[in-house]
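Got your viewer open? Let's take a walk through this protein, one selection at a time.

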Amino acid sequence: MKKLSVGIDIGGTRTKIGIVDADGNVCANSIIVMATYPRESNYPAYVDALCAEIVRLLGLQTEDYEVVGIGMGAPMANYNNRTIDNPGNLWTPDNVNDNHSRIFHIAEDILERFENNPKLANTKVVVTNDANAAAIGEMVYGGAKGMQNFVVVTLGTGLGGGIVLNGQLINGHRGFGGELGHIVVEPAGRQCGCGLRGCIEPYASSTGIVRTVKAWLNETDEPSVLRNIDPDKIESKDISDAALAGDAMAQRAYEYTGEMLGKMLANVLPVLDPEAIFITGGLAKAGNLILAPTERTMRASLLRIYGDVKLALSQINDDNAAVRGASALVW
């Protein structure tokens, strides 16, 4: 009987779902657009849709199978409680002025919907930070094979961090270990979705670089092909395309973003002393545009003893990387 896992990557823009075998092959996958479920009151319908997609994808399998578990990566996921706690970019309060605590019991809610499904009842469900899932994926399937000490930084809608020390994923006392996106790099700086100001996330992320470009377009008369795009429709890919085509503002935006990220990593390295740092996520697809300024700035601020640390792009930075990483949690 074939053994399969379900990998789920919940992001601010999309939820990616994949059925993954023991070798990391994605046998079937699909996407849920999060804009369909923007508010807290939409959360039950989201769980319904998620569970329906899992059942549909499993139904596409042609061999008899056993589901070993469901692995899930999500922003502000609490590994200990299997919940998603007060995510900045998911299921916002219906009343924007309502600041109540939002705890989503995602594992419990999924299992409740599967209690009468013979293939999925009482299935193992692991919930963790999306970057933690990426770190496990890198260790199982990617460039961190054989490594005991490394960090994965995810640059997507937000910025996440997954930390492995002495071969163990760091979850922390509250289940929120590795939240690198909320290291403050600019006191009194940009407002972050978490409620704080100056976190690295609103600077070094897909939304962060867009924010940078929009500010410069508004504050300067500098020529740029990005002025030909409706400011409300600019995406990080537009910026990378412009930078690759030689647009000075777009190139400078990547320089600035990489410098901010490099400063943050230089502060993290003396604490963790990793062998390597891997960068993944949508913004990482820009390759050397983001990697070069990040590495240059990071190394300029490092003690000599950390000089041999490896900074590299993830080796599983494709459309299914996060899904494979989430699925690796349950093997």
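Among contacts between residues at least 6 apart in sequence, what share join residues at least 24 apart? In this protein it's 63%, where contact means heavy atoms within 4.5 Å. Before we go on, note that this is a predicted model, in which local features need pLDDT of at least 70, side-chain atom pairs count only at pLDDT 80 or more, and totals for chains, interfaces and linings use all residues. Residues are numbered from 1 along each chain as its sequence is written, and side-chain values use heavy atoms, with hydrogens and water left out.

**The whole protein**

Start with everything shown as a cartoon. You're looking at eight helices and 13 strands; these are DSSP runs numbered from the N terminus, with helices being H or I of at least four residues and strands being E of at least two. The C-alpha trace spans about 60 × 45 × 35 Å along its principal axes. Colour by burial and 54% of the 331 residues come up as buried, meaning under 20% relative accessible area with a 1.4 Å probe and protein chains only.

**The open sheet**

Now select strands 3, 2, 1, 4 and 8: in that order, these five form an open sheet with mixed pairing. Two strands pair if DSSP finds at least two bridges between them. At the edges sit strand 3 (26-33) and strand 8 (125-129), each pairing on one side only. Neighbouring strands here are turned by 15° against each other on average, ignoring direction; axes are lines fitted to C-alpha atoms (for helices, over the stretch in contact), and angles run from 0 to 180 degrees between N-to-C directions.

Zoom in on strand 1 (residues 2-10) and strand 4 (residues 65-74), which pair in the parallel sense over eight bridges. Click Leu-4 and look across to strand 4: its bridge partner there is Val-67.

Next, add helix 1 (residues 43-58). This helix packs on the sheet, touching strand 1, strand 2 (14-21), strand 3 and strand 4, and its direction makes about 160° with that of strand 3. Then add helix 2 (residues 106-113), which lies across strand 4 and strand 8 and runs at about 150° to strand 8.

**The aromatic rings**

Time to show side chains. Rings of Phe, Tyr and Trp (its six-membered ring) pair if their centres lie within 6.5 Å; planes under 30 degrees apart count as stacked, over 60 as edge-to-face and the rest as tilted. How many aromatic pairs does that rule give? The count comes to eight.

Select Tyr-43 and Phe-104: this pair is tilted, at 4.8 Å centre to centre with 50° between the planes. Tyr-43 is in helix 1 and Phe-104 in strand 7 (residues 103-104), 61 residues apart. Is Tyr-43 buried or exposed? Tyr-43 is buried, at 7% relative accessible area, and Phe-104 is buried at 4%.

Now jump to Phe-150 and Phe-278. Their ring centres are 6.2 Å apart and their planes stand at 80°, so this pair is edge-to-face. Phe-150 lies in strand 9 (residues 150-155) and Phe-278 in strand 12 (residues 276-280), so the pair ties together parts 128 residues apart in sequence.

Go back and add some neighbours: Tyr-37, Tyr-43, Tyr-46, Trp-91 and Phe-104 form one aromatic cluster.

**Last stop: charges over rings**

Pick Lys-119, whose charged end sits over the ring of Tyr-65, 4.4 Å from its centre. To count, NZ of Lys or CZ of Arg must be within 6 Å of the ring centre and within 35 degrees of the ring normal. Finish at Arg-252, which lies over the face of Trp-216, at 4.1 Å from the ring centre.

Note on methods: Buried < 20%, exposed > 50% of the residue type's maximum accessible area, 1.4 Å probe, protein only.
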